[in-house]
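Student: Could you take me through one part of this model in close detail? I would like to see how a single helix sits among its surroundings, with the cut-offs spelled out.

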Amino acid sequence: MIKYSHVKQISWVIFFSAFVVIILAGIGFLIITNVLFLGFSDFMYYLQKPRTWINIATTIWTASIATILSMSTGIPVGYMLARYKFPCQKFMDTLIDLPVMVPPAAVGIFLLGLFKTFPVNSVTSILGIKVDHALSGVIVAQFTVTVSFCIRLTMASFETISPRYEYVGRSLGASLPYTFFKISLPLAKNSLIVALIIVWARACAEWESLMLFVGGIQGRTDVMPFAVYLDFVGGKLGWALTTSMFCVLIAIVSMYAVHRIGGKTHVR
Amino acid sequence: MSGSRWFVYVLYAITILFIVSVCWLFLSNIGYTDTQSVLELFSRPWFWKSVKLSLLTSCVTTIIAIVVGIPASYALSRFNIPGKTIIDVLFASVIVLPASTIGLCLMVAFQYEPILKIQQALGIRIVHSMPSIIIAQLVLALAFGIKAWRAAFDDVNPRYEHVARSLGSSRMRTFWKVTLPSAKVGILAGIVLAWTRAMAEFGAVLLFSSTFRNRHETQFSHISKFLGIDRADILPVGMWMEIEGGNIEQGIAIGFVLVIITLLSVYALNKISGKGLQTNKI
Amino acid sequence: MIRVKNLSITLGSFVMKDINLEVNTGEYFILIGPTGCGKTVLIETLVGIRKPDSGEIWINNQNVTYQFPEDRNVGYLPQDFALFPNMTVEANIAFGLKARRREKKYIRTVINRLAESLSISHLLLRYTQGLSGGEKQRVALARALATEPGVIFLDEPLSSVDENSREILCNELKEIHSRFKTTFIHVSHSFEEVSEMADRIAVINGGAVEQVDTVENIMYHPVNRFVAQFTRTKNIFEGTISGNEILINENIRLKTIYKTTGNVLITIRQEVIKILEELKEEYDNVFRGKIVKLTKRNNIVSIVIDIGIPITLYTMDYELVERIKSKSIVYIMIPRESINVINI
């Protein structure tokens, strides 16, 4: 016998879940139409072309360097912000949030201005680094877009590790760096790895700032998102779609890894 | 022991260096653009139309995101939907997708044969139209919104709901009177985040909607002319067009407009939640 | 020997000013006070986690006021013991010695010695999650003792332990202390918990030290109302004294051994008041009254008698209680020397 209250309960769940289904349907619609349009054989065809793999490789190694740079800044700064109080805390919070929320396109344009003005333009000319239309510019853009985001993540990681461990470690005679490397860092390991994966995935997907900062020339600054745009504009839909699908693959795999590792973070 | 002291100084130095760099990123551009460019920009009617267009589309996008996203977030937070893992991973993946991919997928999806036929039957063409801006913005606004709203609902102890219902309140009433107010801070924060992300959208709009500024007058509907948003692009696209046209100073000026809008958002966010972005909730 | 001279600490709006304390080497010293009184802040400053505004801290004839914790050679057990979760018990104990770069052989000897001494040898290769409260305490102590500190600070070590284990842990702490002869400074919020463990106690309230003394003196000669209440003295009254006679509420007179004048606060421990089965003329401070309340808790009978003011007394003489239980009038005697007089 179906009770009225049961019906109410189930209809309640169905009502809210319906919205999830709507969104899922939207995503499914996008993915399926694209997959159907491209066709599996075409996908394999384009995937086997060296050009595709050059793009993929470029994306991966530039994103990796940018991620290393981001984490190298992110871990120290995140630790600092988690442990110490700074004067003008509000100003600092705004400053850290700003680069995350500012449109990446705007970040790109500011990087353009930054590299054309003193002192940065003299430094780059002295060192002979070329940023315009070059891969170094790609790395700079990927780094700039991800670094603040990275800091927020690392800061949250260190905030979950109680400072008491460091106090005890130091009372036993270990210096702060010793306790940091032997205790805090290992305890934060899982959250930091999650942060690294997210930052890397974000760096792989960065394009908007590149459009404004570096400009795109075939074969030189082709990271995957850029290749998608260029191929699209050039009418080469097959190439563009294949690269796109690969981007989607990278995104899903990264987020799945985050999901698996994220569940194993140290409690405490 | 100097070990600890040296360590702290190095950390301080790196942090200060970072702060200075962020400030300089913005400040150096103030020098690059001059007041004349800014004033010239403000005098162009196209600029103000862009502002209106950006604001209008973002607001509509945010409203749609709220209507669809908040119930969905609640469902994800509270119910054990089959395949939750896949759904979580999927929704999280959207945030790390390149904007060009999103734009391209949208383009292909709406140009797909059967879908195209539906559009033709209805007499509309979605690709390259103004409503398409909203669709393009919606993808990421929804992704960010759901992330924030889900976290907000996760933070509300289900015990409050149990108690309310034991006191006789229906589930719907409990949701409106107990759950939502408890999650108020997180919900508002999510709304601000979704709106800001919609304002910031560039890549997907570029590929899906293309540009509007250089189109002919007749291509715009009466509504858009009435609203004063014809022949204008959303701000980020407008900014890019200036750069492509060699007009870097005005492009940077638009960039600053966007930064100021972002600052207002961040300020609003800080005011609402008392803390900054809670990106620790993955 | 730990000496605190005129220490002042500010934490937000909470201020501790001019704290003075002396703890003798090898003492079991207890800091006691209600929640929020500043004992944790004080401990953290002594360990070196917090910087004081002014004053000096001396540990074993060394001025450590401005030194980092790693240079003070102290032991620190926070409330939840903070055993490093990413290391085995063995590694936890070895941590301090490894940080000081001692040789492996020496470290092994110390670990084995301490593990045997504290009966945790069977736990050495385990990770610290899942250990019982008592095991955690012993591991934390072993870790602190390994570096032979001048003093070990324990911040409420009994709070995170369930009630059944608390007494056992108390005895263990006292026993370890007497065996290793290290100075212990133990922080607690409960007088009952620690009254049997301490050599001396410091009572802290609102950032100030109220009294430092042996347990007995704190119980029988509290210096103010707060200390009396905190040690659960139930008989606290205000009155006036002239000569050696105290007048309370205009009709109750108490003879004391003090001679002074003015307004006073008197405190009388409930354990010292005697019940008289029959009136005896030769005693001073004999009063008659009615039994208002009689309760038995643990092994102690608490009787409240109204003699014009409510007097609480404790007794374990059950037979006496049986005899007087049903009587309408009871006589009590308050010994002169046990009345504590505080000038106010």
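Tutor: Happily; what follows starts with the conventions, moves through the chain as a whole, and then settles on one helix and its neighbours.

This is a predicted model, in which local features need pLDDT of at least 70 and side-chain atom pairs count only at pLDDT 80 or more, while totals for chains, interfaces and linings use all residues. Residues are numbered from 1 along each chain as its sequence is written, and chains are lettered from A and ligands numbered from 1 in the order in which they are written.

Let us begin with chain A. Its secondary structure comes to 12 helices and zero strands; helices here are DSSP runs of H or I with at least four residues, strands are runs of E with at least two, and both are numbered from the N terminus. The C-alpha atoms of chain A fill a box of roughly 80 × 65 × 35 Å along the principal axes. An automatic or database domain assignment supplies the domain bounds, with domain 1 of chain A at 1-38 and domain 2 at 42-262. The C-alpha centres of these two domains lie 35 Å apart.

Of the 268 residues of chain A, 52% count as buried. Buried means that 20 or more other C-beta atoms lie within 10 Å of the residue's own, exposed means 12 or fewer, and partly exposed is in between, with C-beta atoms placed from the backbone.

Now for the close look, at helix α8 (residues 164-171) of chain A. Six of its eight residues are buried, so α8(A) is largely enclosed by the rest of the structure. The buried ones are Tyr165(A), Glu166(A), Val168(A), Gly169(A), Arg170(A) and Ser171(A). Their cover includes α9 (176-204) of chain A, and from chain C it includes α1 (39-47), β6 (74-77) and α2 (89-99). Just after α8(A) comes Gly173(A), with a positive phi of about 110 degrees.

The contact between chains A and C takes 17 residues from chain A and 19 from chain C, where two residues are in contact if their C-beta atoms, placed from the backbone, lie within 7 Å. On the side of chain C that touches chain A, β6 and α2 each supply at least two residues. That side divides into 12 nonpolar, four polar and three charged residues. For these classes, Ala, Val, Leu, Ile, Met, Phe, Trp, Tyr, Cys and Pro count as nonpolar, Asp, Glu, Lys and Arg as charged, and the others, Gly among them, as polar.

Helix α7 (residues 135-159) of chain A makes a useful companion to α8(A). Here 22 of the 25 residues are buried, and α7(A) is mostly covered. From first C-alpha to last, α7(A) reaches 35 Å, close to the 36 Å expected at 1.5 Å a residue; the expected span is 1.5 Å times one less than the number of residues. At Val147(A), α7(A) bends by about 35 degrees, taken as the angle between axes fitted to the seven residues ending there and the seven starting there.

Finally, chain A also meets chain B, with 73 residues of chain A in contact with 73 of chain B. Helix α1 (residues 4-38) of chain A gives the most to the chain A side, with 15 residues. By class, that side has 55 nonpolar, 12 polar and six charged residues.
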